[in-house]
Each structure stands twice: as structure tokens, then as C-alpha cells.
Amino acid sequence: MSRKKFNVAIAGVTGAVGREMLKVLERRKFPVNKLLPLASSRSAGKRVRFNGKPITVCELGEDSFGDIDIALFSAGGGISTQFAPAAVAAGCVVVDNSSAFRMEKNVPLVVPEINGADVRRNQGIIANP
């Protein structure tokens, strides 16, 4: 049985949490078809490693999400507020690590070990504490 692969973006990939997200995707052998590392203009052009291969970091913009299935955000609340709606509009499911959407009524706040099934009721954005 073949497993669906996903195009995944990580916004804030050069920060400590973004780098950890890369490691978690690798450790869990998450089915990544394409990885798009995103960061500020200061970090654009740098390289990150994923599954042993260097990948160039791109500048985060509202047009970054055209062929992305899942966008992991770890770049702070202001960045999430600015760019997560564009990701959702492009068809992504956003998992936001900031506090930007944690109190929004229509955004599930998910702790996988406790209420993991709540991811199904998302409207494009999933918050985590």
C-alpha cells in the first residue's frame, strides 16, 4: 500500500523550532514529496539539510504556498497573522506554533496526545500550545 506524499512548507525554518520541525519530519519518516523551507529575507539563500540533502531557503511571501499541502508555521504571531491566511487561501492546512490563533473559536487548539482527532474540524488552521 503506497502512502500519499505531501508538499510541506516550514515558515521560520532557520529558527530553533523550525530546525526541530525538520528533524521531527525526518525522524518520523513523514511522507514528504517536496519540502519548501521558508524564512525572512535575511535567511533567504541559506541552506538547510533535510534527509541528508541541502535545500535552499526561500523568502516567505504571500505567494509561497501555491502547491503546498501543509504549512508548518514557527515564525512568531505577527508572521502567522500576516501569512497563514494566504496559505489557507492557496489550499494549505496550516499548523501554527505561535499564539496568534490559539483563542480563535473556529481554530482547534490541538495537543495530539489529548485531542488529536480535533484536527479534523479545522477550517484551514490548526493551533498548538
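**Notes on a predicted model: the sheet, its helices and its cores**

1. A place to begin is N97, which, apart from residues up to four places away in sequence, touches V17, M21, F73, S74, R102 and N128. The model is a predicted one, and the remarks that follow should be read with that in mind. N97 lies in the loop that runs between β7 (93-96) and α3 (112-115). Its relative accessible area is 25%, so N97 counts as partly exposed, given that buried means under 20% and exposed means over 50%. Although N97 and P129 are 32 residues apart in sequence, their C-alpha atoms are 6.9 Å apart in space.

2. One of the residues that N97 touches is S74, which is found in the loop between β6 and α2. Is S74 buried or exposed? With a relative accessible area of 17%, S74 is buried, because the cut-off for that word is under 20%. When neighbours within four places in sequence are left aside, S74 is in contact with A11, G12, V17, G18, M21 and N97. V17 and M21 therefore appear in the contacts of N97 and also in those of S74, where a contact means heavy atoms within 4.5 Å.

3. The next point is the sheet, and a student may ask in what order its strands are arranged. Six strands form an open sheet, and the order is β5-β2-β1-β6-β7-β8, with parallel pairing. At the edges stand β5 (58-59) and β8, each of which pairs on one side only. As background, the strands of a sheet pair through backbone hydrogen bonds, and this pairing may be parallel or antiparallel.

4. The pairings can be followed one by one across the sheet. β2 and β5 are joined in the parallel sense by two bridges, and A39 has E59 as its bridge partner in β5. Between β1 and β2 there are six bridges, again in the parallel sense, and here the partner of N7 in β2 is K34. On the other side, β6 and β7 pair over four bridges and run in the parallel sense, with F73 standing opposite D96 in β7. Three bridges join β7 to β8, and these two strands are also parallel; in β8, V95 is partnered by I126, while D96 is partnered by A127.

5. Two helices deserve attention together with the sheet. Helix α1 (residues 16-27) packs on the sheet and touches β1, β2 and β6, its direction making about 155 degrees with that of β1. Helix α2 packs on the sheet as well, touching β6, β7 and β8, and its direction makes about 175 degrees with that of β6. Each helix also belongs to a crossover: the chain passes from β1 through α1 to β2 in a right-handed β-α-β crossover, and β6, α2 and β7 make a right-handed β-α-β unit.

6. How the strands are covered is worth checking residue by residue. β2 is mostly covered, since six of its eight residues are buried. In β7, V94 and D96 form the covered face, whereas V93 and V95 form the uncovered one.

7. The largest nonpolar core holds 18 residues, and those that touch the most other members are A9, F65, A71, F73, A87 and V94. Two or more residues each come from β1 (6-11), β2 (32-39), β6 (70-73), α2 (77-89) and β8 (125-127), and α2 gives the most, with three residues. A second, separate core has 14 residues, including V8, V32, V48 and F50. As a general remark, nonpolar side chains in soluble globular proteins tend to be buried together.

8. Two members of the largest core can be examined further. A9 is in contact with L36, L38, F65, I68, I70, A71 and L72, once its neighbours within four places in sequence are set aside. A search of the whole structure finds two aromatic pairs. In the pair of F65 and F73, the ring centres are 5.9 Å apart and the planes are at 25 degrees, so the pair is stacked, because planes under 30 degrees apart count as such. Both F65 and F73 are buried, and F73 also ties this point back to the start, as one of the residues that N97 touches.

Technical notes. Residues numbered from 1 in each chain as written. Predicted model: local features only at pLDDT ≥ 70, side-chain atom pairs only at ≥ 80, totals over all residues. Heavy atoms only, no water. Core = buried A, V, L, I, M, F, W, Y, C linked by side-chain atoms within 4.5 Å. Buried < 20%, exposed > 50% of the residue type's maximum accessible area, 1.4 Å probe, protein only. Pairing = 2+ DSSP bridges. Axes fitted to C-alpha atoms, helices over the stretch in contact; angles between N-to-C directions. Right-handed = clockwise from strand over helix to strand, strands pointing away. Phe/Tyr/Trp six-rings, centres within 6.5 Å; stacked < 30°, edge-to-face > 60°.
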